[in-house]
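Dear colleague,

Here is the structure for your files. My notes follow below it.

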Amino acid sequence: MSDKKTAPRLFFRVSLRAAAAVLAAIVCLYPALAGASAKYVFLFIGDGMGTAQRNAAEIFLAGKRAHEGDSATRDAQLAMNSLPVTGEMLTGSLSGVTDSAAAGTALATGRKTKNGAIATDGSGKKYKSIASIAHENGVKVGIVTTAFLQDATPAAFYAHSDTRGRRYEIGLELAESGFEYFAGGGFSNPNGKDKKQRGLTEAASSKGYMVTTTKAAFDALAPGGKAIAINPRLQSAYMPWAIDARGGDIPLDEFVKKGIDLLRGGRFFMMVEGGKIDLACHANDAASAIQEVIAFDKAVSEALAFLSECPDETLIVVTSDHETGGMTLSAAADDIMAFYGAMSRQAGPYSRFEGAMQQAAKYGLEKSMSKAREFFGLGAAETEAVRKAFAMTATPKKNRPAKSAEYRKLYGPYDPFTVACMKEMNLRAGVSWDTFYHTGKLVPVSAVGAGSGAFAGSYENTEIFTKLLEAMDLH
Ligand SMILES: [Zn+2]
């Protein structure tokens, strides 16, 4: 090939690269406050997600790859586990083991409080969140969750309430917040406890929010203005389970991608919650928890794609509010193929099987067992524990010793037969659980980008707030 021909091509290629660099500079460089380092900040909170939950998802993905014939190692399957800075965090609240309200308050406001309190001291004194402080400083704010929009974790970033149950009032505060983007689940209690109040969608619309509940309207959302993007299909105002995802659902990562599209062009702060990891872990449902962690991790990947565009000004922090269930992985989990086999066969979330087992007495043991094998892919598992649990499930609720310590330890507030089948299936994969509640375990923190170095080490959950303030140069 002659020089004459390559020269224009080379020039063209160089020009393209220069144009890309200029474009990146236009997209990234924003005349922000002097000294501000992190201009685009993502805080990912996996509700109930401890180290074992992250590892379980990693083993599942490794097993999946091995199953599909790819060589796979246990490590580095999750984007969140590949971030260069790692730390760990204490999660206790003023009540002891934390709930999501006190934990959300600690992360959002830097203050320890009592369980149940949303960005207050539990007695009327309000604390200001990192999101509110950022917003007052001209930073656009996005709040994304798989839970309903007024659930404790997201609420701690925009509302104040001494008790987390005041969902209608919390929803009104959402409408008043002025934050640019809310997305994921819908409104719980949209007309108040008496069902007679003005709808929360209407309240938000009157404050200038565009509220979308269809895929077409979601796709049409464009920058400028404020938006509330709600998944077309909801389950008790939550987004549908990831293990149960269908066409027409908008996955969490798409809500994050849209948030980036809507908020970019200026500084922004986005909080993204994987809210159903916690629900699955409460029920000791490892298969559902794993799918929630994977869906959450895809959302982290969206943020990482943005970081690759604006590496010097983007900060991504991935953490949790507390661990749920006391999940433990034993040596059996090292068999990644067996682990994947067990965890990929479950047909849906625990709650669907629980629903079916309302007919357990009518079905009898044999038919219920065959339904369990079908749903959990259990093999021929009719252990003593499973039989005992079935007898309890077949007993009318009012006749069960549901308050006895033994019953609560075995089944918590869940259907006994469902829990026993999941336990059996989980044990085969090397997954065991301590409790149906939250634990005081340390939770991991992973970070990358501008100011991420501060997130290394071991510290209290309240420090996330102070480290974010520092990284964003807000005071
Ligand atoms: Zn919980």
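In this predicted model, the centres of domain 1 and domain 2, taken over C-alpha atoms, are 32 Å apart. Domain 1 covers 35-329 + 444-472, and domain 2 covers 348-429, according to the domain assignment. Domain 1 contributes 10 residues to the contact and domain 2 contributes 9. About 830 Å² is buried between domain 1 and domain 2, and carbon and sulfur atoms account for 55% of that area.

On the hydrophobic packing: the largest nonpolar core has 88 residues, and Phe42, Phe44, Tyr181, Phe339 and Met343 are the members that touch the most others. Helix α11 (residues 286-309) is the element that gives the most to this core, with 12 residues. Both domain 1 and domain 2 supply residues to the core, so it lies between them. A second core, separate from this one, has 53 residues, among them Ala38, Leu174, Ala450 and Leu474.

Two of those highly connected residues, Phe339 and Met343, belong to helix α12 (residues 336-344), where Ile336, Tyr340, Gly341 and Ala342 are buried along with them. The buried residues of α12 pack against α2 (51-67), α11, β9 (328-329), α17 (416-428) and β10 (431-432). For Met343 in particular, leaving aside neighbours within four places in sequence, the contacts are Phe60, Ala286, Ala287, Ile290, Met425, Asn426, Ala429 and Val431.

Next, the metal site. Which protein atoms are the donors of the zinc ion? Asp278 appears twice, through OD atoms, and His282 and His438 each donate through NE2, at 2.1 to 2.4 Å from the zinc ion. Along the chain these donors follow the spacing D-x3-H-x155-H. Asp278 and His282 both sit in helix α10 (residues 276-282), and because they are 4 residues apart there, about one helical turn separates them. Asp278 and His282 are both buried. The angles subtended by the 4 donor atoms run from 57 to 147 degrees, so the arrangement is irregular. To count as tetrahedral, four donors would need all angles between 85 and 135 degrees.

Leu262, in helix α9, is also worth a look. Its relative accessibility is 10%, so Leu262 counts as buried. Not counting residues up to four places away in sequence, Leu262 touches Lys140, Tyr181, Leu221, Ala222, Pro223 and Ala227. Tyr181 is one of the residues with the most contacts to other members of the largest core. Leu262 and Glu180 are 82 residues apart in sequence, but their C-alpha atoms are 8.4 Å apart in space.

Last, the backbone. Most residues other than glycine have a negative phi. Asn189 has a positive value, near 55 degrees. Asn189 lies in the loop between β4 (181-184) and α7 (200-206), and with a relative accessible area of 29% it is partly exposed. Ser236 also has a positive phi, of about 50 degrees, although it is not a glycine. Ser236 is placed in the loop between β6 (226-230) and α9 (252-263). Is Ser236 buried or exposed? With a relative accessible area of 65%, Ser236 is exposed.

Regards

Technical notes
Residues numbered from 1 in each chain as written. Predicted model: local features only at pLDDT ≥ 70, side-chain atom pairs only at ≥ 80, totals over all residues. Heavy atoms only, no water. Donors = N, O, S within 2.8 Å, 3.2 Å for Na, K, Ca; no water. Tetrahedral: all angles 85-135°; square planar, octahedral: opposite > 155°, others 65-115°. Helix = DSSP H or I, 4+ residues; strand = E, 2+ residues; numbered from the N terminus. Buried < 20%, exposed > 50% of the residue type's maximum accessible area, 1.4 Å probe, protein only. Core = buried A, V, L, I, M, F, W, Y, C linked by side-chain atoms within 4.5 Å. Domains from an automatic or database assignment. Contact = heavy atoms within 4.5 Å. Buried area = accessible area lost by both parts, 1.4 Å probe.
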